[in-house]
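Reader: I'm new to this one. Could you take me through its salt bridges, and then a little of what sits inside?

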Amino acid sequence: MSLRLSTVILPYRRWNEGSRAAWERAEDLGFHTAYTYDHLSWRSFRDGPWFGAVPTLTAAAAVTERMRLGTLVTSPNFRHPVTLAKELITLDDISGGRVTLGIGAGGTGFDATALGQEPWTPRERAERFGEFVPLLDRLLTEDSVSYEGDFYAAHEARNIPGCVQRPRLPFAVAATGPRGLRLAARYGQAWVTTGDPRLYENGTPEQSIQAIRGQAEKLADACAELGRDVGELDKILLTGFTPDRGRPFESLDAFVDFAGRHAELGFTEIVIHWPLPDSDFAVDPKVFERIAMEAPAQLR
């Protein structure tokens, strides 16, 4: 299988002041999928413009035709499965069945406290995620769902007519721990990683490769426990969070080398950030477009 190249476009610009143009250009460049972050705000953008993921993807669906669209990633930090399912079914319909839901357990950023709650511990996040994903799976595949759990409930929640994609839109589950990897193995059509965050500051690219190889092996073990072939899952790397930092984007050759080393680990999709001035994603737009147009052919 050829290694697919996708992008993630942060929702920090008004639609008619650069955002729309980026989504349209992403399709022109041939990206397999264009994702966006699903946060209420994010890091240094907390005191600046930041727009909602689902409305942004809905607008993107209206101005694109071929490219897949998705979140990278949605989390339980401020989402409820019942309302999220309704939005996703609507988005899948508007896009003509082009939506992928990237989904993870969430973290300790602004989303964790924006609704007034105390940040959940890692264990609490894992427990909520373990209930969130199976319930969302049901809500996207059954006409009517009733459920009473420790964290979430649904009472005769109707989701007719369901997704355009059958039996539902695909889940790309972000996970590195055992609970999350088991959820990816059971419910995912894809697995997402950013690498090992402990290596970002002081690790080496070689250490990162080894850590990611270990994650992939644990995913394979989780699949084996369920009797599932790990080859059924796409494996997605979201770049920008490994010790390589910006080096893979200094030239086309540097990126092809970086992507090729990860393809050898079994990755089927590499996601790169749309150029973002004055940030860790401040890639030269000319180099970025050359990567988009030329790298996929070199990675077949």
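Author: Here is a walk through the salt bridges, followed by the nonpolar cores.

A quick note before the tour: this is a predicted model, where local features need pLDDT of at least 70, side-chain atom pairs count only at pLDDT 80 or more, and totals for chains, interfaces and linings use all residues. Residues are numbered from 1 along each chain as its sequence is written, and side-chain values use heavy atoms, with hydrogens and water left out.

Side chains of opposite charge can pair when their charged atoms come close. Searching the whole structure turns up 17 salt bridges (a side-chain nitrogen of Lys or Arg within 4 Å of a carboxyl oxygen of Asp or Glu).

Take R66 and E27: their closest N and O atoms are 4.0 Å apart. This pair links distant parts of the chain, since R66 is in the loop between α2 (53–63) and β3 (68–74) while E27 belongs to helix α1 (residues 19–28), 39 residues away. Helices (H or I, at least four residues) and strands (E, at least two) are DSSP runs, numbered from the N terminus. As for accessibility, buried means under 20% relative accessible area, exposed over 50%, and partly exposed in between, using a 1.4 Å probe and protein chains only. R66 has 56% relative accessibility, so it counts as exposed, whereas E27 counts as buried because its value is 9%.

Next come R79 and D38, whose side chains meet in a salt bridge at 2.9 Å, N to O. R79 lies in the loop between β3 and α3 (81–94) and D38 in the loop between β2 (33–36) and α2, so the pair ties together parts 41 residues apart in sequence. Both R79 and D38 are buried.

Then there's E127 with R123, at 3.1 Å between the closest N and O atoms. Both sit in helix α4 (residues 122–141), four residues apart, about one turn of the helix. E127 is partly exposed at 28% relative accessible area, and R123 is exposed at 59%. Elsewhere, salt bridges that share partners join R4, D234 and E269 into one network.

Now for the inside. A nonpolar core is a set of buried Ala, Val, Leu, Ile, Met, Phe, Trp, Tyr and Cys residues joined through side-chain atoms within 4.5 Å. The largest has 70 residues, and F31, L136 and F255 touch the most other members. Helix α4 gives the most to this core, with seven residues. Another core lies apart from it, with 18 residues, including L72 and L276.
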